[in-house]
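Here are my notes for your reading of this model, set out as numbered points. Please keep the structure open beside them and look up each element as it is named.

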Amino acid sequence: MAEYFASHPYVVAILVALALLTAFVCVKAAQASAKRHAENEKIINKLKEDNRLRNKFAVLTRQLIDSSEPTVLFKGVALNLDRQISDAEDMEQAFADLNQEQREIYALCYVAEDGRERLSDFFAANGSPLTDTALEAGKKLLPAAAEPFGKEFLAFDGNDETTSFVQSDIEQWNLDFAAVIAAAPIEQVGGAYIAANADKFI
């Protein structure tokens with residue numbers, strides 16, 4: 001056998017290459033499996049935390065609102081509003097049945113979820129009446145973001161045929177909006193808004 005390999009060195013090279021390739025594939029597969037496991041665990045933990053917050057804020061009281069940190073309050077209230085609407089047979093009617101303050105928090109929840117990194121992602125993924133309400137809420141609660149918010153609303157408004165824009169404009173508006181919410185996170189502002197209008201949520 002040794003003589004064979006000695007007289008056929010290319011076979012040795014092939015076997016070594018195959019061994020290295022097998023090891024490489026095994027390492028990559030292990031890394032991919034570990035990554036999937038970590039991602040799945042992250043999703044499960046988020047679902048558990050969402051369920052905990054949803055249960056905690058299922059029945060709002062003035063004491064609960066006053067004692068809650070704004071970011072946590074926002075998430076808990078938004079999760080319950082989302083369930084209320086998603087469980088309804090007519091989701092659009094369920095949204096319309098909310099009072100103005102509730103609709104604004106519901107809409108901002110989606111802005112925070114879909115538009116955290118790029119505001120344009122929110123407008124691309126959603127339509128009226130959610131985007132209209134989000135615009136109202138954005139101007140009211142995030143006045144520093146009113147300009148980029150309003151411009152992106154028009155850019156993605158299918159009924160507006162008068163506004164023209166280029167992709168570079170949208171990217172700049174995304175950056176402008178991101179700078180605002182970095183200084184004033186939506187969850188923080190939204191939670192403070194709920195606390196200031198507690199009677200609208202109880």
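1. Begin with the pair H8 and H9, whose crossing is left-handed. This is a predicted model, and in it the axes of helix H8 (residues 130-141) and helix H9 (residues 146-155) come within 9 Å and cross at roughly 165°. Since angles over 145 degrees count as roughly antiparallel, H8 is therefore roughly antiparallel to H9. On the H8 side the meeting residues are Thr131, Asp132, Ala134, Leu135, Gly138 and Lys139, and on the H9 side they are Ala146, Phe149, Gly150 and Phe153.

2. Staying with H8, its 12 residues reach 16 Å from the first C-alpha to the last, which is close to the 16 Å expected at 1.5 Å a residue. The buried residues of H8 are Leu130, Thr131, Thr133, Ala134, Leu135, Ala137, Gly138 and Leu141. What covers them? The cover over the buried residues of H8 includes helix H5 (91-97), helix H6 (100-114), helix H7 (119-125), H9 and helix H11 (186-196). Thr131, Ala134, Leu135 and Gly138 are listed among the buried residues, and they are also listed among the residues of H8 that meet H9.

3. The loop between H7 and H8 deserves a careful look, for it holds Pro129. A cis peptide bond joins Ser128 and Pro129, with omega at about 10°. As background, most peptide bonds are trans.

4. H9 has a further partner, since H9 and H10 pack at an angle of about 145°, with their axes 9 Å apart, and H9 passes H10 in a left-handed crossing. From H9, the residues Pro148, Phe149, Lys151, Glu152 and Ala155 meet Ile170, Trp173, Asn174, Asp176 and Phe177 of H10. Phe149 is named in this meeting with H10 and also in the meeting with H8.

5. Two residues of H10 are worth setting side by side, namely Phe177 and Ala179, the latter placed within residues 167-183 of that helix. Which of the two is buried, and which is partly exposed? Phe177 counts as buried because its relative accessibility is 1%, which is under the 20% cut-off, whereas Ala179 has 49% relative accessibility and so counts as partly exposed. Leaving out residues up to four places away in sequence, Phe177 touches Val111, Gly115, Leu119, Leu142, Ala145, Pro148, Phe149 and Ile186. The C-alpha atoms of Phe177 and Glu147 are separated by 8.8 Å, although the two residues are 30 apart along the chain; for Ala179 and Ala144, 35 residues apart along the chain, the separation is 9.6 Å.

6. Turn next to helix H4 (residues 70-86), where the length can be checked by reasoning: at 1.5 Å a residue its 17 residues should span 24 Å, and its end C-alpha atoms are 24 Å apart, which agrees. The N-terminal end of H4 is capped by Glu69, with a side-chain oxygen 3.0 Å from the backbone nitrogen of Thr71. Within H4, the buried residues are Leu73, Phe74, Gly76, Val77, Ala78, Leu79, Asn80, Leu81 and Ile85.

7. How do H4 and H11 cross? Their axes come within 7 Å and cross at roughly 80°, and H4 and H11 are therefore roughly perpendicular to each other. The residues of H4 in this meeting are Pro70, Thr71, Leu73, Phe74, Lys75 and Val77, and those of H11 are Ile186, Glu187, Gln188, Gly190, Gly191, Ala192, Ile194 and Ala195. Ile186, which takes part here, is also one of the residues that Phe177 touches.

8. Is a loop residue such as Leu98, between H5 and H6, buried or exposed? Leu98 is buried, because its relative accessible area is 4%. Not counting residues up to four places away in sequence, Leu98 touches Leu81, Gln84, Ile85 and Arg103. Leu98 and Gln84 are 14 residues apart in sequence, and their C-alpha atoms are 9.9 Å apart in space.

9. Finally, consider the chain as a whole, which has 11 helices and zero strands. Of its 202 residues, 34% are buried. Among contacts between residues at least 6 apart in sequence, 62% join residues at least 24 apart.

Conventions: Residues numbered from 1 in each chain as written. Predicted model: local features only at pLDDT ≥ 70, side-chain atom pairs only at ≥ 80, totals over all residues. Heavy atoms only, no water. Helix = DSSP H or I, 4+ residues; strand = E, 2+ residues; numbered from the N terminus. Expected span 1.5 Å × (residues − 1). Buried < 20%, exposed > 50% of the residue type's maximum accessible area, 1.4 Å probe, protein only. Polar contact = N/O pair within 3.5 Å; in protein donor to acceptor, adjacent residues only side chain to side chain. Axes fitted to C-alpha atoms, helices over the stretch in contact; angles between N-to-C directions. Parallel < 35°, antiparallel > 145°, perpendicular 65-115°, else oblique. Left-handed = near helix turned anticlockwise from the far one by under 90°. Contact = heavy atoms within 4.5 Å.
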